[in-house]
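Open the model in your viewer and set the backbone to a cartoon. The tour below moves from strand to strand and then stops at a single loop residue.

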Amino acid sequence: MLMKSIAAGLAGTALLATVSFAQSPTATGDKAAPAATTTTTMTASGEWRASKMSGLKIYNDANENIGSINDLLMDKSGNIKIAVIGVGGFLGMGEHLVAVPYEKLKFVNEAVAYTGTGAKPAATTTTGAATGTEKTTTTTATTASSTSKWYPDHAVFNASKDELKNMPEFKYSE
């Protein structure tokens, strides 16, 4: 009985090996080599990635964070018409969604200017010898955004957080 099982296993292996060899392509000298595929690169300087716009923070004219972009709605020709902004809430819970016209948003590439009085990292430089007449200069650390970024730093919308919360709630229709 064991010999029959071993013989059947060897026969099956030989059959499978034959099928796999029959399916592998063979090289012949009379066929032309396939043409190399060419790819073209396109530069999209100054364009933004839509995937990076979701979650973009929105500030008002007083540099107060009033929400973030949840979604962008476009017409059939691909032009963005509406920005859905999430206001309030915590980790997506209790967030109030409002729809604002896209052209009312102003996109800014530079980081938000810090105007608060809380703790903010600062760079301190001291010049002069240790004679008691040193001059200390404190400058606020700022980060310049890269021009090669595929998204703006933030958007500005002229409204307060309370004004946005009082706007009609946006709901997706199924």
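Strands here are DSSP runs of E with at least two residues, numbered from the N terminus, and two strands pair if DSSP finds at least two bridges between them. The model is predicted.

Select residues 65-74, which form β2, together with residues 80-87, which form β3. These two strands pair in the antiparallel sense over 6 bridges. Show I69 and I85 as sticks: I69 stands opposite I85 in β3. Now move to the turn. β2 and β3 make a hairpin with 5 residues between them, and G78 in that turn has a positive phi of about 95°.

Next, add residues 57-59, which are β1. β1 runs antiparallel to β2, and 3 bridges join them. To see the register, select I58, which stands opposite G67 in β2. β1 and β2 also form a hairpin, with 5 residues between them. In its turn, pick N63, where phi is positive at about 60°.

Stay in that loop and select N60, which lies between β1 and β2. Is N60 buried or exposed? N60 counts as buried because its relative accessibility is 7%, and the cut-off for buried is under 20%.

Draw a distance from the side chain of N60 to the backbone nitrogen of A62: a polar atom of that side chain lies 3.0 Å from the nitrogen.

Which residues does N60 touch, not counting those up to four places away in sequence? Select I66, V156, F157, A159 and S160 to display these contacts.

Key
Residues are numbered from 1 along each chain as its sequence is written. This is a predicted model: local features need pLDDT of at least 70, side-chain atom pairs count only at pLDDT 80 or more; totals for chains, interfaces and linings use all residues. Side-chain values use heavy atoms; hydrogens and water are left out. Helices (H or I, at least four residues) and strands (E, at least two) are DSSP runs, numbered from the N terminus. Buried means under 20% relative accessible area, exposed over 50%, partly exposed in between (1.4 Å probe, protein chains only). A polar contact is a pair of N or O atoms within 3.5 Å; within protein, one must be able to donate a hydrogen and the other to accept it, and residues adjacent in sequence count only if both atoms are side-chain atoms. Contact means heavy atoms within 4.5 Å.
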